[in-house]
Number of protein chains: 2
Amino acid sequence: MQNSKYSCQRENIIKVLKSTKSHPTADWIYDKVREEIPNISLGTVYRNLSRLSSEGEVQKISLGVGGDHFDGDISSHAHFVCNKCGKIADIYTDYSNLLKTDAEAKIGASVNSCSVILYGLCSECGRKISNKSK
Amino acid sequence: MQNSKYSCQRENIIKVLKSTKSHPTADWIYDKVREEIPNISLGTVYRNLSRLSSEGEVQKISLGVGGDHFDGDISSHAHFVCNKCGKIADIYTDYSNLLKTDAEAKIGASVNSCSVILYGLCSECGRKISNKSK
DNA sequence: ACAATAATGATAATTGTTACTATTATTATA
DNA sequence: TATAATAATAGTAACAATTATCATTATTGT
């Protein structure tokens with residue numbers, strides 16, 4: 001392929017991201033990749049994450065609080081975020097076709113990705129709170 | 001009510017946000033409110049927007065590119081963002097119950113808000129591109 | 001009117017991210 | 001397997017968006 005060259009930094013970023021089920025930030029990925037490539041630069045991590053997510057190889061998750069998170073799992077699924085502990089959970093239901101079709105019918109746009117983020121209280125945090133009030 | 005006091009700054013921020021169909025950033029709201037309260041501080045705008053959105057009085061929209069946007073319309077609806085021109089459009093379908101019920105069944109969390117953002121090419125930008133290729 | 005305190009304006013500080021530039025690594029071709 | 005072209009990098013500076021600080025002002029209950 002032209003105007004694209006291999007880099008082991010990028011390979012490692014992909015590897016790290018595809019092998020975790022957490023939904024890490026650029027910073028976390030940076031720390032993790034540094035275990036193998038100690039002198040990698042944070043800028044390189046950002047540059048590659050941005051490239052990879054615009055290529056659709058990874059997914060960016062913007063929660064609106066703190067920095068962006070990334071997901072190596074690009075299957076269509078939603079995310080749940082606990083407002084208390086901040087945990088991010090996957091919800092494997094594919095709404096994307098429904099949403100896509102509906103949006104295209106309603107406003108005539110062509111949709112190529114969608115982000116579904118639910119906010120609330122996770123079961124664990126919910127339990128803690130109801131225990132306290134006993 | 002206790003620990004809460006009226007402020008005309010907050011009232012104005014709400015008024016501005018509820019009376020536009022655009023999905024402005026804090027900065028845009030700041031400029032708009034300054035027309036009535038010229039010496040309002042940008043920090044006050046941020047402080048109130050953050051408070052109002054956590055109270056559920058307005059909605060915060062995090063696109064993952066540039067600053068956050070805000071929506072005075074808190075009815076359940078999705079947003080479409082054009083990757084080309086950046087336009088944000090409302091899509092009035094209420095997915096929230098579907099998403100909420102599904103998530104609660106799957107992971108036992110209690111959901112209290114949800115964000116649905118679709119990305120793609122708006123009809124206008126799509127038209128421009130197909131014209132160019134003639 | 002007064003006291004308690006929430007909210008503000010002005011500004012400094014912080015955070016997350018992008019831009020810049022000289023150097024290094026990859027790749028296609030001779 | 002050298003060479004030339006150029007993509008990618010490390011290191012760092014710059015930037016934008018947001019939050020924190022703090023002295024002052026405004027609101028509210030008594």
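**Exercise 1.** In this predicted model, work out how many nonpolar, polar and charged residues make up the surface near DNA strand C.

*Solution.* Start with the total: 18 residues sit around DNA strand C. Now sort them by class, and you get 3 nonpolar, 9 polar and 6 charged residues. Next, pick out the ones that come nearest: these are A:Y46, B:K5, B:S7, B:T44 and B:R51.

**Exercise 2.** Find out which helix supplies the largest share of the surface near DNA strand C.

*Solution.* First look at chain B, where helix 1 (8–18) and helix 3 (42–55) each give at least two residues to this surface. Then check the shares: helix 3 of chain B has the largest, with 4 residues.

**Exercise 3.** Which part of DNA strand C has most of its atoms within 4 Å of the protein, sugar and phosphate or bases?

*Solution.* Take the strand's atoms within 4 Å of the protein: 76% belong to sugar or phosphate, and the rest belong to bases. Now zoom in on phosphate oxygens. One lies 2.5 Å from a side-chain N or O atom of B:T44. For the side chain of A:Y46, the distance is 2.7 Å. A:Y6 uses a backbone N or O atom instead, 3.1 Å from a phosphate oxygen.

**Exercise 4.** Decide whether B:K84 is buried or exposed, and then list its contacts.

*Solution.* Locate B:K84 in the loop between strand 3 (78–82) and strand 4 (88–91) of chain B. Its relative accessibility is 54%, so B:K84 counts as exposed; the cut-off is over 50%. Finally, skip its neighbours within four places in sequence, and you're left with contacts to B:G120, B:L121, B:C125 and B:I129.

Definitions and conventions
Residues numbered from 1 in each chain as written. Chains lettered and ligands numbered in written order. Predicted model: local features only at pLDDT ≥ 70, side-chain atom pairs only at ≥ 80, totals over all residues. Heavy atoms only, no water. Near = heavy atom within 4 Å. Polar contact = N/O pair within 3.5 Å; in protein donor to acceptor, adjacent residues only side chain to side chain. Nonpolar A, V, L, I, M, F, W, Y, C, P; charged D, E, K, R; others polar. Buried < 20%, exposed > 50% of the residue type's maximum accessible area, 1.4 Å probe, protein only. Contact = heavy atoms within 4.5 Å.
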